[in-house]
Amino acid sequence: MNVDAVQTALGTEHAALWTYGMVSAFLGDQTAAAVAEGANLHRARRDTTERWLRDHSATPNPPAAAYLPPSPVSDGPSALAALVAVEQDTCAAWRGVLERTDDQGLRTSALEALTTAAVRATRWRKAAGTTPASITMPGVASG
Amino acid sequence: MGRVISESVSRRRVLLAVAAAPLAVACTTEPPPPPPPDPLAALAAQARADARLAEGLTAVPAAAEIAKARGTHASLLQAEVDRERPPLSSTAPPAPTAPPTPPDPLAALRTSLDEAVREASALVASLPSYRAGLVGSVAAGCASLREVLG
């Protein structure tokens, strides 16, 4: 069902926004602009996703009070790892939407969300020195 | 007597005509048009070409990773093409004809990855949903590779 997949994607957008806010304290000035840009794009995506749900007679799920990153964040490298993880979760959720809808408008925005999250995940992996920095199949668990 | 012979000839002619009729039909009927090519086949061919191009760029640090990723894209896309329309012989896909090396292979790879993002993205809206996820991930994967190549 479209709406369930979109609610899942909205959940990852809430988590991403929370994570971008949380990590900023651990990252230096040279990443501040990229962190702010990522946060802004996730905020915009959250807003359009909530609007889509309301237009389809669904109540958007609210954000949780806090999110648990896969590993505790205590310094720069763990902050980058949390950003990579949340972007990859976002990729998986939007790919899930692509696979569950025939609505062309929704497909287009899901693809855009998947692609931009994949590019941001790649940037953070590059910043963290992860090899390979690229993700072969964003949104696929093994990707 | 003459009448009998002429009758027998005419009967033979009639038999011949009857026997030949289906043949004539068979020869004039158009064969059914071949189904349109699978759009994923073109994406697979593009991925194979990118992998070959990247393999040649030994001086570029990211090239090996790009060659490997585009090779994976090619096999995933080809597997979906073959699943939907099993190849007639086990020799498919055709052996790639080695294209001439472009004068600036690095620039060519950048352009080709940009095209791959565009072409896969353009296809996503029109595909059945079970294929949209696969092609969407290929598009996003090419955008990721483009980011690494710089």
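**Figure 1. Chain B, a bundle of helices and nothing else by way of regular elements.** Chain B of this predicted model has five helices and zero strands. Going from the N terminus, its elements simply run α-α-α-α-α. Buried residues account for 31% of the 150 residues in chain B. If you look at contacts in chain B with a separation of 6 or more, 71% of them come from residues 24 or more positions apart.

**Figure 2. Helix H3 of chain B and the helices it packs on.** H3(B) covers residues 63-84. How far does H3(B) reach from its first C-alpha to its last? With 22 residues, H3(B) reaches 32 Å, close to the 32 Å you'd expect at 1.5 Å a residue. Quite a few of its residues are buried, among them B:Ala63, B:Ile66, B:Ala69 and B:Arg70. Further along, B:His73, B:Ala74, B:Leu76 and B:Leu77 are buried as well, and so are B:Gln78 and B:Val81. As background, an α-helix has 3.6 residues a turn, so residues three or four places apart point the same way. The buried residues of H3(B) pack against H2 and H5 of chain B.

**Figure 3. Chain A, the four-helix partner.** Chain A has four helices and zero strands, and along the sequence it follows the pattern α-α-α-α. Is chain A's radius of gyration in agreement or at odds with that of a compact globule? It agrees, because a compact globule with 143 residues would have a radius of gyration near 15 Å, and chain A has 15 Å. Along the principal axes, the C-alpha atoms of chain A fill a box of roughly 40 × 30 × 25 Å. Of the 143 residues of chain A, 42% count as buried. Take the contacts in chain A between residues at least 6 apart in sequence, and 70% of them join residues at least 24 apart. An unreviewed UniProt entry carries the annotation "domain: DUF4439" for residues 5-141 of chain A. That span is 69% helix and 0% strand, and its end C-alpha atoms lie 17 Å apart.

**Figure 4. Where chain A meets chain B.** The contact takes 28 residues from chain A and 20 residues from chain B. Over on the chain A side, the elements that give two or more residues are helix H3 (76-98) and helix H4 (104-128). Which of them gives the most to the side of chain A that touches chain B? That's H4(A), with 11 residues. Sorted by class, this side of chain A has 12 nonpolar, nine polar and seven charged residues.

**Figure 5. The largest nonpolar core, built from both chains.** This core has 63 residues. The members that touch the most other members are A:Trp94, A:Val97 and A:Leu114 from chain A, together with B:Leu77, B:Ala120, B:Ala139 and B:Cys142 from chain B. On the chain A side, helix H1 (2-23), H3 and H4 each give two or more residues to the core. On the chain B side, helix H2 (39-55), helix H3 (63-84), helix H4 (105-124) and helix H5 (129-149) do the same. H3(A) gives the most, with 11 residues. Zoom in on B:Cys142, and you find that it touches B:Leu113, B:Ala116, B:Val117 and B:Ala120, leaving out residues up to four places away in sequence.

**Figure 6. A:Thr19, a buried residue in helix H1.** A:Thr19 sits in helix H1 of chain A. Is A:Thr19 buried or exposed? A:Thr19 is buried, because 23 other C-beta atoms lie within 10 Å and the cut-off for buried is 20 or more. Setting aside residues up to four places away in sequence, A:Thr19 touches A:Tyr67, A:Pro69, A:Ala82, A:Leu83 and A:Val86. The C-alpha atoms of A:Thr19 and A:Ser71 are separated by 12 Å, with their positions 52 residues apart along the chain.

**Figure 7. Two backbone oddities in chain A.** Most residues other than glycine have a negative phi, and most peptide bonds are trans. A:Ser57 has a positive phi, near 55°. A:Ser57 is found in the loop between helix H2 (29-55) and H3 of chain A, and it is exposed, with 7 other C-beta atoms within 10 Å. The other spot is the peptide bond joining A:Thr131 and A:Pro132, which is cis with omega about -10°. A:Pro132 lies in the segment after H4 of chain A.

Methods
Residues numbered from 1 in each chain as written. Chains lettered and ligands numbered in written order. Predicted model: local features only at pLDDT ≥ 70, side-chain atom pairs only at ≥ 80, totals over all residues. Contact = placed C-beta atoms within 7 Å. Nonpolar A, V, L, I, M, F, W, Y, C, P; charged D, E, K, R; others polar. Rg over C-alpha atoms; globule rule 2.2 N^0.38 Å. Buried ≥ 20, exposed ≤ 12 C-beta atoms within 10 Å, placed from the backbone. UniProt positions renumbered as here; feature names shortened; annotations may be inferred. Core = buried A, V, L, I, M, F, W, Y, C linked by C-beta atoms within 7 Å. Expected span 1.5 Å × (residues − 1).
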